[in-house]
Amino acid sequence: MTGAYFATGPCCFCDAIFTFDPELVPSIPVDERGAIAVDDAGAFKPTTFKRPICEQCMTKINRLREQHEMPAIAVLDGAYAPAEGFPP
Ligand SMILES: [Zn+2]
């Protein structure tokens, strides 16, 4: 027996509702209020919660990174598609 699953939720940056594979989608750590969790130096803090980033925002983020000569963030294949099998 095979199946597929996906998650639906709002993008961390634009609030657009989109579907994604929760194990592959790029995400960002947030605090319990949903705010991006960074320390005083601007580094991400490890948190229990993460919010996904939609494909359109990832495209914009990587375009900005390229403009600032930073390497693009790799988006895993299948990040925005249903996952095969059953949730772990
Ligand atoms: Zn977005």
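**Reading the loops and the helix**

Among contacts in the chain between residues at least 6 apart in sequence, 52% join residues at least 24 apart. The model is predicted.

Me: What pattern does the chain follow along the sequence?
Reply: Reading along, you get β-β-β-β-β-α-β, with one helix and six strands in the chain.

Me: Why is aspartate 15 called exposed?
Reply: Exposed takes 12 or fewer other C-beta atoms within 10 Å. Aspartate 15 has 9 C-beta neighbours inside 10 Å, so it counts as exposed. You'll find aspartate 15 in the loop between strand S2 (7-10) and strand S3 (17-20).

Me: And what makes glutamate 69 exposed?
Reply: Same kind of check: the cut-off is 12 or fewer, and glutamate 69 has 6 other C-beta atoms within 10 Å, so exposed it is. Glutamate 69 follows H1, in the loop between H1 and strand S6 (83-84).

Me: What makes phi worth a look at aspartate 15?
Reply: Most residues other than glycine have a negative phi. Aspartate 15 isn't glycine, yet its phi is positive, near 65°. Glutamate 69 also has a positive phi, near 55°, and isn't glycine either.

Me: How do you know what span to expect for helix H1 (residues 55-67)?
Reply: Take 1.5 Å times one less than the number of residues. H1 has 13 residues, so 18 Å is expected. From first C-alpha to last, H1 reaches 18 Å, close to that expected value.

Me: How many of the chain's residues are buried, as a percentage?
Reply: Buried takes 20 or more other C-beta atoms within 10 Å, and 11% of the 88 residues get there.

Technical notes. Residues are numbered from 1 along each chain as its sequence is written. This is a predicted model: local features need pLDDT of at least 70, side-chain atom pairs count only at pLDDT 80 or more; totals for chains, interfaces and linings use all residues. Helices (H or I, at least four residues) and strands (E, at least two) are DSSP runs, numbered from the N terminus. Two residues are in contact if their C-beta atoms, placed from the backbone, lie within 7 Å.
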